[in-house]
Protein chains: 2
Amino acid sequence: LKFWFKSRFLFSGSASAAEDWWLRTCASEEWNRRSGFDAGHLRHRMHLQSCNTKKLTTRQMSDFLHTSVTYYGARSFAADRSAPVTSQATAPSSSPVVGETGSVSGDKFARDKDLLADLCKRRFFYRQAFDIYGGVAGFYTYGPPGSAVKNNIIKQWRSHFVIEESLLEIEDTCIMQHDVLKASGHVDRFNDFMVKDVSDESRFFRADKLLEDVMEQKLKETVTEEERVEYESVRNQADSYSREEISDIFKKYKIVSPETGNPLSDPYEFNLMFPTPIGPGGYLQGYLRPETAQGIFLNYKFCLEQNGNRLPFGVAQIGRAFRNEIAPRAGLTRQREFTQAEIEYFVNPKDKAHPKFGSVADLVITLWPSPQQLAAQGTVQMRVGDAVAQGVINNQTLGYYVTRTFLFLTSSGVDKKFLRFRQHLPTEMAHYACDCWDAEIFSSYGWLETVGIADRSCFDLTAHANASGTDLQYKEKLDQPIEKELLTVTKASGIAFMKAFKKDGKMMRQWVESLEETELEKLQSSLRKGPSEVEVDGRKFTILPELLVCERTKQKVSVNAYTPGVIEPSFGIDRLFVSIMEHVFYARPKDDSGDDKQTRGVLSFAPSVAPYKCTILPLDQRISRSDKYDELVTKFRSELAALGMSYTIDESGATVGRRYSRNDELGVPFAVTFDFTTLEDSTVTLRERDSMAQVRLPLSSVANLVRDFCLGETTWESVVAGK
Amino acid sequence: LKFWFKSRFLFSGSASAAEDWWLRTCASEEWNRRSGFDAGHLRHRMHLQSCNTKKLTTRQMSDFLHTSVTYYGARSFAADRSAPVTSQATAPSSSPVVGETGSVSGDKFARDKDLLADLCKRRFFYRQAFDIYGGVAGFYTYGPPGSAVKNNIIKQWRSHFVIEESLLEIEDTCIMQHDVLKASGHVDRFNDFMVKDVSDESRFFRADKLLEDVMEQKLKETVTEEERVEYESVRNQADSYSREEISDIFKKYKIVSPETGNPLSDPYEFNLMFPTPIGPGGYLQGYLRPETAQGIFLNYKFCLEQNGNRLPFGVAQIGRAFRNEIAPRAGLTRQREFTQAEIEYFVNPKDKAHPKFGSVADLVITLWPSPQQLAAQGTVQMRVGDAVAQGVINNQTLGYYVTRTFLFLTSSGVDKKFLRFRQHLPTEMAHYACDCWDAEIFSSYGWLETVGIADRSCFDLTAHANASGTDLQYKEKLDQPIEKELLTVTKASGIAFMKAFKKDGKMMRQWVESLEETELEKLQSSLRKGPSEVEVDGRKFTILPELLVCERTKQKVSVNAYTPGVIEPSFGIDRLFVSIMEHVFYARPKDDSGDDKQTRGVLSFAPSVAPYKCTILPLDQRISRSDKYDELVTKFRSELAALGMSYTIDESGATVGRRYSRNDELGVPFAVTFDFTTLEDSTVTLRERDSMAQVRLPLSSVANLVRDFCLGETTWESVVAGK
């Protein structure tokens with residue numbers, strides 16, 4: 001997710017030549033893709049290139065060969081957004097099905113994909129935007145149930161993070177000015193490669209996708225084993241080439257414009273931000289934000305004030321982000337406009353302990369640490385406390401948010417069998433980053449990064465402090481003053497200032513003695529070149545070199561200034577929506593009544609996530625036309641509304657069974673049926689979606705019962721058992 | 001609001017010449033301003049122009065003179081965003097202070113403005129966006145308490161409208177394609193006038209604003225009475241001139257570029273939508289949506305399906321909208337990026353009764369109907385049932401939403417003394433619209449349109465149906481088939497078709513017999529001119545005039561097709577935020593302790609709207625450092641979080657009194673103080689914000705009590721009385 005949403009910085013750090021090359025490779029790959037990291041890609045590519053062009057140690061060579069083999073074994077489970085899960089691979093050790101005998105198999109997602117897609121369109125969970133105008137790729141509209149589910153996910157996120165973690169939530173703008181996104185690196189490096197048909201510029205292609213298509217095409221023809229390996233290898237690393245490499249490959253395979261056969265332009269970089277002018281004339285360039293995180297960094301200083309100038313604290317933002325994809329084609333998981341929920345948790349970089357870590361330390365979760373990935377081993381089940389103690393996870397705050405993310409995802413409907421936390425390889429991370437974990441969820445899209453949890457160090461604040469000229473350092477008041485060696489003006493020099501400037505002497509002495517170390521150093525070096533002019537209190541004064549004499553003295557200081565580090569959990573809400581939909585969907589076996597003409601799909605949402613909490617069904621029109629029903633249902637509806645429980649009413653003439661099925665498709669957990677008995681004694685039947693079991697209850701108790709379900713304060717079992 | 005947010009269409013209808021002129025005048029004004037309608041402007045301008053240039057009946061003349069006088073009387077209460085409320089006017093009959101003896105006066109808003117602005121910045125309710133980079137006009141960031149209040153307003157809106165009215169909520173995109181906004185009229189008519197410095201194009205001005213400034217300047221000089229009237233009149237109608245008029249006026253007063261003195265360009269139209277290219281190359285033009293309503297019209301068809309193909313039903317959308325203001329300068333009330341909540345309620349245009357109207361009919365609200373405005377009379381207090389029965393409000397659905405809006409606004413914190421519903425003048429409305437009411441709220445900005453509730457007829461759906469070629473008619477299945485006179489092909493003519501086209505005869509007969517009435521009429525009129533070529537099943541056929549013979553027959557039809565009408569309540573959430581802030585703010589008198597160095601502001605939010613529901617205060621650090629406190633507070637926090645109650649903790653060393661004041665500023669309704677007694681018996685004091693009264697309670701009961709307050713299930717009085 002990190003890469004998909006942000007990939008803000010990847011520079012090569014100081015390292016050996018081989019590492020340098022590796023880092024450089026990864027950096028360009030990441031900036032060119034941001035496509036959900038596929039560890040296999042990188043490692044396989046390492047292998048190929050190292051064998052061909054690089055001199056590496058035997059150990060490195062062996063590792064690369066090893067991971068290359070692993071890659072082909074693991075491919076079908078790699079987070080590859082373009083290729084659906086194929087059957088070419090044997091199940092690798094990281095497969096979600098291993099060790100889960102008798103449980104739902106991961107195959108089900110690919111198998112159910114069309115059924116679910118049909119349901120989503122038919123019941124308007126979502127559909128392509130501007131549909132009546134023909135639609136535009138990469139834009140989607142959430143319909144009533146989809147919008148309700150998405151809102152419920154966001155509501156739960158807010159409760160789980162903002163309220164429970166006492167985060168400061170802000171709301172920044174979607175349009176951001178150029179300077180901000182220049183400083184963040186997006187203006188220069190948020191690019192994909194593109195090629196154009198030289199004779200018809202309206203035909204353009206994302207270079208890596210076109211290359212993949214061409215290789216797929218070649219693979220369908222009769223090929224030798226050698227060619228097969230070559231084409232597959234090119235296809236698999238299509239999105240990781242540098243500009244020069246992809247240019248060479250296009251030439252090598254003589255790739256032309258698909259339909260016209262015309263030559264193509266050289267691949268060039270296309271910035272993925274949507275530009276828009278602010279105000280008339282285009283004098284102020286704006287962009288739609290590519291992530292919500294930047295708005296938080298811009299307001300760190302003001303949020304710190306609200307937090308009583310104390311660290312650590314977290315700031316959250318939920319909102320739209322925008323990415324002008326060249327040619328998006330992966331449904332909701334790759335939209336041009338999508339919803340993020342991001343947290344920036346600011347910490348003392350030397351103390352990343354989290355006060356509430358103890359409360360989660362005993363939880364056991366599925367981790368895929370980078371050493372295991374590099375050694376071609378599978379995931380491990382680990383107690384989070386142990387993971388942090390053993391250094392698998394870098395620090396408590398990171399570990400805390402990994403665990404809180406696990407709890408949030410599983411409580412929202414993600415099946416924990418299909419959830420893993422994959423650590424970024426050292427090569428995937430920016431040089432300043434300490435550690436990064438992606439929450440990957442398995443679905444018909446493969447393993448999909450849905451949350452990134454990164455320790456980004458102090459990079460972002462430093463970038464904005466430099467670009468904006470604003471001091472974003474944290475001034476920690478020390479309980480005990482500490483001794484520090486400081487550059488100061490000698491007492492004699494201070495007196496010399498006083499004498500030299502006569503009536504302004506006192507002011508000038510105060511001025512020079514109040515200069516901070518860095519300013520004093522600047523003045524020193526300037527005076528080495530001769531007399532310097534300075535401005536004090538709005539007037540100019542010339543200082544002679546001999547006047548300034550400094551010394552290094554030990555002083556007690558009570559303030560420690562530093563730029564905070566930041567831990568960033570970043571959620572892709574639409575990807576989570578997709579994952580939840582796939583995880584909670586199942587097809588109910590057809591019954592014998594013959595009433596079923598189509599598969600009866602069920603969305604088994606948690607009550608808190610379900611789009612509507614119950615549905616109201618009069619048995620038939622004899623009921624729905626009675627005055628007593630009107631009276632009862634009006635009262636019941638206002639009870640539900642007062643509790644904030646959304647509901648639907650189905651007064652159509654269809655059989656009750658068919659109406660139950662319709663509401664199962666929407667994932668409504670309960671149906672409240674009004675029948676003839678209801679008109680007599682005001683009792684109703686309450687039917688639960690998954691068990692299809694029913695109980696008879698006084699109508700007056702139902703609204704509160706539904707609310708209690710949604711808050712998790714009661715269960716169906718206890719209702720069936722008569723509480 | 002209608003005008004500010006949308007002003008989608010204003011065409012001249014069929015009317016007398018004078019009406020035509022009036023309509024034309026209003027139309028251009030509205031399209032040039034969208035600035036919050038100021039009735040006085042229009043009417044005064046009518047007067048001026050009619051006296052000078054038009055021949056009108058004596059009656060019209062008299063009316064205009066009358067309204068012109070009214071205008072100057074009412075000016076200080078007109079919704080004029082640029083001019084603050086001035087003291088120049090005598091209180092008109094629509095003044096909020098009249099008839100409210102002893103109550104809060106409307107002056108308080110202007111008086112408190114600076115205090116509140118200081119509080120908002122200091123406590124980060126909101127501030128200019130990109131502040132550390134210097135800020136950009138028209139963009140604001142909501143900080144933690146502001147964002148929480150805004151979210152609570154939206155939450156309450158969703159509960160009040162989406163859930164209680166069973167609306168279908170959707171989530172469409174912010175970026176919309178050109179075709180959609182071309183059809184809606186925004187591409188062609190969503191403009192303001194601009195002028196540029198001819199020698200320095202980076203100096204540009206909104207023409208009407210520059211004109212206002214120039215007139216203000218002239219008014220400050222020594223002027224004759226005649227000049228004063230002239231300058232004031234030009235200033236007051238600056239934003240309502242046509243392009244030709246404003247161009248002439250700029251020439252007349254020889255207006256030049258303010259700082260350089262250079263000549264200015266002729267005024268020209270600047271489109272207020274933010275353009276952005278979709279995908280590379282700019283082959284698909286996009287814009288940021290200027291309103292959320294269009295997304296609803298685009299998805300009307302799919303929502304109707306979800307509603308079981310039944311009318312009436314409503315669709316809602318909450319989200320950002322964007323407007324590229326030339327030079328915004330009215331704070332949160334005129335942002336380049338703002339939040340709307342809109343409803344489109346689709347009805348049978350011939351039956352606008354609302355099933356729940358009876359439940360609101362007895363409510364009495366403040367209306368300012370258009371006849372009262374035109375007759376220079378004030379607002380009236382009316383029972384909504386009477387208003388609809390007497391035709392003051394056009395229909396039940398409109399009346400229902402006016403009332404629901406009243407209930408929503410007052411429950412969110414708007415003081416009903418400063419709330420009125422102003423009907424649009426006949427001249428303000430588009431020709432297709434039936435009726436429109438603005439909820440105007442009085443604040444330091446004057447009367448500010450915050451909600452528009454319009455009966456827009458079937459205009460929008462028709463526009464999109466035509467532009468997209470999609471059938472958006474509603475097919476009403478009739479219980480009883482009705483007889484309708486229809487134009488049909490005679491049987492003999494059908495047979496003639498069959499014979500004439502030989503082997504294609506059957507197909508051609510079927511084709512001609514299946515033509516709808518309008519198509520048949522088209523074909524008839526085409527054949528009157530001679531043989532016509534038609535395309536059937538992809539092939540072309542020539543039809544001779546004598547072949548087609550039609551007749552009018554009575555037929556029984558069981559489907560009645562029509563385009564639904566739409567009632568549109570449209571809320572400006574940021575304007576509502578501003579209004580609530582001003583209405584709930586008050587300055588507490590300084591006490592004698594001398595502890596007060598600054599005015600102690602209080603935000604008296606309703607508990608449901610308050611940013612945090614309570615604050616936790618340890619008496620001092622002896623408490624906050626104790627283990628018992630830790631234990632108690634940890635448990636209390638998790639209780640609050642489980643109930644979704646947001647809270648703050650203030651463990652700073654400030655006195656309890658000062659910490660109470662800090663939380664009063666944030667509008668936190670309750671403070672929970674932990675003292676030495678707490679450590680012994682786990683009781684705490686609960687202090688209420690407005691009364692400052694305290695009660696001692698077991699800590700274990702507090703979380704539920706706070707929740708009950710927020711749900712309105714208990715009151716402070718009953719707690720003080722020991723329940």
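Two residues are in contact when heavy atoms of theirs lie within 4.5 Å. Keep that cut-off in mind, since it decides who belongs to the interface in this predicted model.

Start with the place where the chains meet. Here 82 residues of chain A touch 82 residues of chain B. Are these matching sets? Of the interface residues of chain A, 100% are also interface residues in chain B, so the copies meet through the same surface.

Now look at how the two copies are placed. In general, a rotation about an axis and a shift along that axis relate two copies of a chain. For this pair, a turn of 179° and a shift of 0.3 Å along the axis lay chain A on chain B, with an RMSD of 1.1 Å. That is the relation of a two-fold axis. To find the axis in the model, go to A:Thr276. Its C-alpha is 2.5 Å from the rotation axis, and no residue of chain A comes closer.

Next, consider the area of the interface. Chain A and chain B bury about 7,000 Å² between them. Carbon and sulfur atoms carry 60% of that area. Three residues stand out on the side of chain A: A:Ile132, A:Tyr133 and A:Glu171. They supply 13% of the area that chain A buries against chain B, more than any other three residues.

Polar groups take part too. The rule finds 34 residue pairs in polar contact across the interface of chain A and chain B, counting pairs with both residues at pLDDT 80 or more. There are also four salt bridges between the chains. A salt bridge links B:Glu171 with A:Lys150, and the closest N and O atoms are 2.7 Å apart. Which helix of chain A gives the most to the side that touches chain B? Helix H6, residues 144–163, does so with seven residues.

Step back to a whole chain. Chain A has 723 residues, and 59% of them count as buried. The chain holds 27 helices and 28 strands. Take the contacts in chain A with a separation of 6 or more: 70% of them join residues 24 or more positions apart.

Finish with one helix of chain B. H21 covers residues 573–584, which makes 12 residues. From first C-alpha to last, H21 of chain B reaches 16 Å, close to the 16 Å expected at 1.5 Å a residue. Is H21(B) buried or exposed? 12 of its 12 residues are buried, so H21(B) is largely enclosed by the rest of the structure. Among them are B:Ile573, B:Asp574, B:Arg575 and B:Phe577.

Key: Residues are numbered from 1 along each chain as its sequence is written. Chains are lettered from A and ligands numbered from 1 in the order in which they are written. This is a predicted model: local features need pLDDT of at least 70, side-chain atom pairs count only at pLDDT 80 or more; totals for chains, interfaces and linings use all residues. Side-chain values use heavy atoms; hydrogens and water are left out. Copies are superposed by least squares on the C-alpha atoms of residues with pLDDT of at least 70 in both. Helices (H or I, at least four residues) and strands (E, at least two) are DSSP runs, numbered from the N terminus. The expected span of a helix is 1.5 Å times one less than its number of residues. Buried means under 20% relative accessible area, exposed over 50%, partly exposed in between (1.4 Å probe, protein chains only). Buried area is the accessible area (1.4 Å probe) that two parts lose on being put together, summed over both. A salt bridge is a side-chain nitrogen of Lys or Arg within 4 Å of a carboxyl oxygen of Asp or Glu. A polar contact is a pair of N or O atoms within 3.5 Å; within protein, one must be able to donate a hydrogen and the other to accept it, and residues adjacent in sequence count only if both atoms are side-chain atoms.
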